[in-house]
Amino acid sequence: MADTRTPVIEIKTMEAVKNVQDLKNNIKELKKQLDTIEIGTEKYQNTLKQLSVNQAALKNAMNGTSASMQQITAAAQG
């Protein structure tokens, strides 16, 4: 008999980033989430990717790149 279970993936969407503090808050929250997720799982990898994207957006914002806030917001959302 075939396995009929369907895997469920939880995806949390983040609100639009409006400023640098939002990026910092996203990073803080994502780090907290990583502490509770089993290493190596798909959820862990997805959260790690979101963290990396937000950290890169923060770095760009802090380094005064020519990126607009709209570009930073788009980058932070992956």
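This is a short talk on one predicted protein model, with most of the time spent on its second helix.

Let me start with the whole protein. It has three helices and zero strands, so in sequence order the pattern reads α-α-α. Of the 78 residues, 22% are buried. The accessible surface comes to about 6100 Å², and carbon and sulfur atoms hold 51% of that. As for contacts, take those with a separation of 6 or more: 56% of them join residues 24 or more positions apart.

Now helix 2. This helix runs over residues 42-62, which is 21 residues. From first C-alpha to last it reaches 30 Å, close to the 30 Å expected at 1.5 Å a residue.

Which residues of helix 2 are buried? They are Tyr-44, Thr-47, Leu-51, Asn-54, Ala-57 and Leu-58. Looking down the helix axis, these buried residues fall within an arc of 155°, so they line one face of the helix. The face turned away from that buried side carries Lys-49 and Lys-59, which are exposed. After the helix comes Gly-64, with a positive phi near 65°.

Let me pick one residue, Thr-47, which lies in helix 2. Why does Thr-47 count as buried? Its relative accessibility is 5%, and buried means under 20%. The side chain of Thr-47 reaches the backbone oxygen of Lys-43 at 2.8 Å. Leaving out residues up to four places away in sequence, Thr-47 touches Leu-30, Gln-33, Leu-34 and Ile-37.

To recap, helix 2 has its buried residues along one face, and Thr-47 is one of those buried residues.

Key. Residues numbered from 1 in each chain as written. Predicted model: local features only at pLDDT ≥ 70, side-chain atom pairs only at ≥ 80, totals over all residues. Heavy atoms only, no water. Helix = DSSP H or I, 4+ residues; strand = E, 2+ residues; numbered from the N terminus. Expected span 1.5 Å × (residues − 1). Buried < 20%, exposed > 50% of the residue type's maximum accessible area, 1.4 Å probe, protein only. Arc of directions from axis to C-beta. Polar contact = N/O pair within 3.5 Å; in protein donor to acceptor, adjacent residues only side chain to side chain. Contact = heavy atoms within 4.5 Å. Areas by Shrake-Rupley, 256 points an atom, 1.4 Å probe, with all protein chains shown as cover.
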